[in-house]
Amino acid sequence: TPAHGVVRAIVKDSTDEYVNTNSQTFLDSDGRFMDNYARNIPGHVDLENDEWHMVTLTSEGGGKKGYRMYVDGVLAGEAPPSVILRQLESGLTDIPGVYVDGGDPLGLTGKIHLCGRVDKDSDRHFGGALSHLSLWDAVLSNGEVAALYSGVVGEAKLRQRCADAAASELQAIDGIDLCPFFAASGPPGAGSLATGAQPQQPASSTTLNDVLRDLRPAENRGEMSPPRQEILPPAPPTTVPPPPPPQQPSLRSDLTSGVFCDVLQVPSSCGLDAICVPLKTLADISGEMLNLGPGGATKGKCVAAPVGGIFPPDARVDVPLPLAFYPLTGGSVESWPLDTYKGKAVGVEWVPDVLFENTLKCSEQQGGYVQLPNIKYGEKGQFAVNFWMKKDVTDLNDPNEGLFEYIFSHGQATDGNFNPFGPNQVHVYMPEVAHPAHGVARVILKDSLSPYKGLMSHTFFDSDGKFMDNNPRNTIGHVNLEDGNWHMFTVTTKATGEPGYQIFVDGALGGSFPTPEVQNFLEGQQGGSASNPVDFHVDGGSPMNMEGDIFLCGRADLAAERHFDGQLAHLEIYDQSLSPEMIGAIFTAVKGKSLLMESITDLAASIRALQPNGTEGGRPRYVQTLQSADIIRALQQQQQQQQQQQQLQPQGPSAEAEELNALISQLQNGEAISCSIDVQRSGYITPLGCEKEGMVCAALHEDSLKSQAASNGVCVATPEGGIYTPLPSMNLPVPKAYFPLTGGSLESWPEPKYSGRVQESVQWVEDEFFGSVLECKENSLDYVRLDNIDYGRDGPFAINLWMSHNGSSGDTFEYLFSHGTANIGKDPWQPNEVQIFLPEIAHPAHGVVRTIVKDSNDLYDGEMSHTYLDSDGGFMNNMPRNVPGHVPLDDGKWHMVTVTTRDDGKRGFAVYVDGILGGTSPPAFMEQLQSKIAVDGGDPMIPTGDIFL
């Protein structure tokens, strides 16, 4: 399993009844709690090294709940972790969502099983050796556990164990003194296994000294003194000696020898296969001082051009020199123009390419990778990494490809302690095709001020601007990196100097971290309004202390299932941030300005091209009949014609005439004419069955269908302006209520079960798309009031409407749809509400539609209840908007807005604009941060007031 190399413990008291997955608690010997992720935590003991290890499990004691695990005499983990224990000590004895085991009575009645589980499961047996099992009916202290260990292996190994454990999370992060039993001071040789007051002895007939004496080899048992009295030398100092002063580098010979040139000479004297590189540039790259003398700015040196050449950005943009540039072409993994950094390639190919001539190609199956020497970028906080990538698309239909492919991996040295979420890490990787989030590139960035805090540190940011989001992707405007084309990928700290970092794809901003949603969340935490503050560090902008080599096409630990399938070229590492203009210039130099403009301005169009085309499979059908009065007049004319014929041939009224008379009478009296409709075959509107009436057969609304299954339709004229009927293949459910809002009518259709009333100044205006439509004006305080509709009572609901915004001038909000309880106040944060509204032009977030959903169980809890979702995916975000590809709703055009609970059964809701997903609530990162913010949508909702438009 991913967590191999540790020992895992499960403890359940007699009071621990199984509830749900929250009851599945366990503690590992590297200090991790309820963690199944891959493991190599610094300072933990590898239990798979074929050596003897002592494992100790003991309850907390002192009236505290929880338990502790020791490995080789030293504390290795606590359950629950220390951060929760501190809350327990401060009086929080009940932590929601966390079950605290240990400390309450145990009611063990079964036999003890060794080397297997009590149920004798065939896949749960141990392979190895066991010895010296001891059980106490009391708590063991740190000193007692240490004495048990040192009594067998000696004090030297105990001291070494303490030194190794200094790098563990418990000591390095939580600040726990793992070896308090050693004296803190004293002359050499005078240190002792300090215990302070005499610890409580286990409540048994055998003392700890007896146990230690039994553990000693037979020949050494005679004169053993109590371990508490043994004299131990003081521990060696753990401080790192200061580094030696830097030596003055000698001048590189390749700066003072070779073929020199004049950078202004055209054509260059270097020939076709070399480039005249300014000597100043070479000196800056090497970090050396070079006296160029008079006219030195034009002096250069001929340097062999890399295969495929280089693409200098526009000199007017002032792109900085990279700290290192790897062309990765023509079989070379050396930096250019100076081979300061030389790498090695293992298991890779070099393939012809139209854009870069001959590039590096890696194969996941072959486990290919490139290893580059460590480059100390970001020491002052600012850095950027830029490269070109081309994903191999031959395996995109493989359902087994569900992990990650690492493109760039730089972090701690691969000495057996790999943790991609520890400090000083930069990783760029792609979720594979079977992963829900495939199609994006993912970044892990950790600076030196980002200590590892368990799952709270497992943060990542995607190239479509999503934070900690593993949901399936179809984000409007993001660049699909699985299309088999070359793409330029950039990760950079912010050029403004603010904390955080940004991702660019093909020169266009894909996402900026922290996102406005995360920023608002953190500001709310700092403001003291949150009842459960989260200790969260914004990575990026703080100093980096990069150690270990850089790996391309594989993760830094060379894990077998973390290799990249595809091509790479032109890796550039900068020791400063890149601005959007700089990144655009780098991209344009390779691909040209037209492609840059396409990636910036036509992203939404490219995504919309993937949506179902109306010409494929048929467009939704448009149906328009005569209105009821016109139908009656037409039938009366037909009646008059029949009567005239009867006068010529007097034979009495025919059956056809009697039927026509009855039909006219029904229509004049407003009587319903029933019809039968197969919704699955015909959709919920069809002209079949009502031909003689000149009408359509429309399915009755959902509540009527349940009681009138035999006659589930009604013959009715279409609303004024006609109606667009969805295709039967779409399997749309019959709406509970439908208001056309055309032709001056506020009645529901097809049966007028619901109605409404308008404020006097509301007008009906002609529209080329829908006929005569409702028009409201803000300054006239217009509104429409519709009857209450009983939707969402079981949880699921959906609201769909069309809107065309005429513009605004204020800085507040314009409500399209407002529904709540009958006694609703001014604050739209109460239970049983749905609000759909627009921020006005002077509001920073204008151009989106904003939604609020509150279930019946969403009690008001101050600012934590002020949740809203925008149509560009923004969550609780009042920042200015320019999200790539989102639909601007203040363009004066018709747009369809849909608010619906989630179709996967999870709690939350989603907003769609023009049929395309705009955003979901709650965003994925909220679950990871364990926020107390309410999750709205999916639970029963019972609004009792009228609907306001």
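Start with the contacts across the whole chain. Among those between residues at least 6 apart in sequence, 66% join residues at least 24 apart. The model is predicted. Color by secondary structure next: the chain comes to 16 helices and 42 strands. Then color by accessibility. Buried residues make up 46% of the 949 residues.

**Stop 1: helix α2 and its neighbor**

Select residues 142-153, helix α2. How far apart are its end C-alpha atoms? They are 17 Å apart. At 1.5 Å a residue, the 12 residues of α2 should span 16 Å, so the model agrees with the expected span.

Keep α2 selected and show its surroundings. Nine of its 12 residues are buried, so the helix is largely enclosed by the rest of the structure. The buried residues are G143, E144, V145, A146, A147, L148, Y149, S150 and G151.

Step past the end of α2 to G154. This residue, just after the helix, takes a positive phi of about 100°.

Now add residues 155-165, helix α3. Two packed helices are described by the angle between their axes and the distance between the axes. Here the axes of α2 and α3 come within 7 Å. They cross at roughly 130°. The two helices are therefore oblique to each other.

Which residues make the contact? Show side chains for A146, Y149, S150 and V153 on α2. On α3, show E155, K157 and L158. By class, this contact has four nonpolar, one polar and two charged residues. Look again at A146, Y149 and S150 of α2: these contact residues are also on the buried list.

**Stop 2: strand β13, covered on both faces**

Jump to residues 369-372, strand β13. In a regular strand the side chains alternate between the two faces of the sheet. On one side of β13 sit Y369 and Q371. On the other sit V370 and L372. Are these four buried or exposed? All are buried, and both faces of the strand are covered.

Now find the partners of β13. Select residues 344-346, strand β10. β10 and β13 pair in the antiparallel sense over three bridges. Zoom in on V346: its bridge partner in β13 is Y369.

Add residues 550-552, strand β22. Three bridges join β22 to β13, and these strands run antiparallel. Center on L372, which stands opposite I550 in β22.

**Stop 3: the four-stranded sheet**

Move on to β25. This strand belongs to an open sheet of four strands, in the order β25-β28-β27-β26. The pairing is antiparallel. Which are the edge strands? They are β25, residues 673-675, and β26, residues 685-686. Each pairs on one side only.

From the β25 edge, step inward to β28, residues 713-716. Three bridges join this antiparallel pair. Label S674 and V714; they are bridge partners.

**Stop 4: the seven-stranded sheet**

Finish at an open sheet of seven strands. Trace the order β30-β33-β42-β35-β36-β37-β38, with antiparallel pairing. The edges are β30, residues 756-758, and β38, residues 869-870. Each of these edge strands pairs on one side only.

Select β30 together with β33, residues 784-786. The two pair in the antiparallel sense over three bridges. For a last close-up, show V758 and its bridge partner in β33, V784.

Conventions: Residues are numbered from 1 along each chain as its sequence is written. This is a predicted model: local features need pLDDT of at least 70, side-chain atom pairs count only at pLDDT 80 or more; totals for chains, interfaces and linings use all residues. Side-chain values use heavy atoms; hydrogens and water are left out. Axes are lines fitted to C-alpha atoms, for helices over the stretch in contact, and angles run from 0 to 180 degrees between N-to-C directions. Angles under 35 degrees count as roughly parallel, over 145 as roughly antiparallel, 65 to 115 as roughly perpendicular and the rest as oblique. Contact means heavy atoms within 4.5 Å. Ala, Val, Leu, Ile, Met, Phe, Trp, Tyr, Cys and Pro count as nonpolar, Asp, Glu, Lys and Arg as charged, and the others, Gly among them, as polar. The expected span of a helix is 1.5 Å times one less than its number of residues. Buried means under 20% relative accessible area, exposed over 50%, partly exposed in between (1.4 Å probe, protein chains only). Two strands pair if DSSP finds at least two bridges between them.
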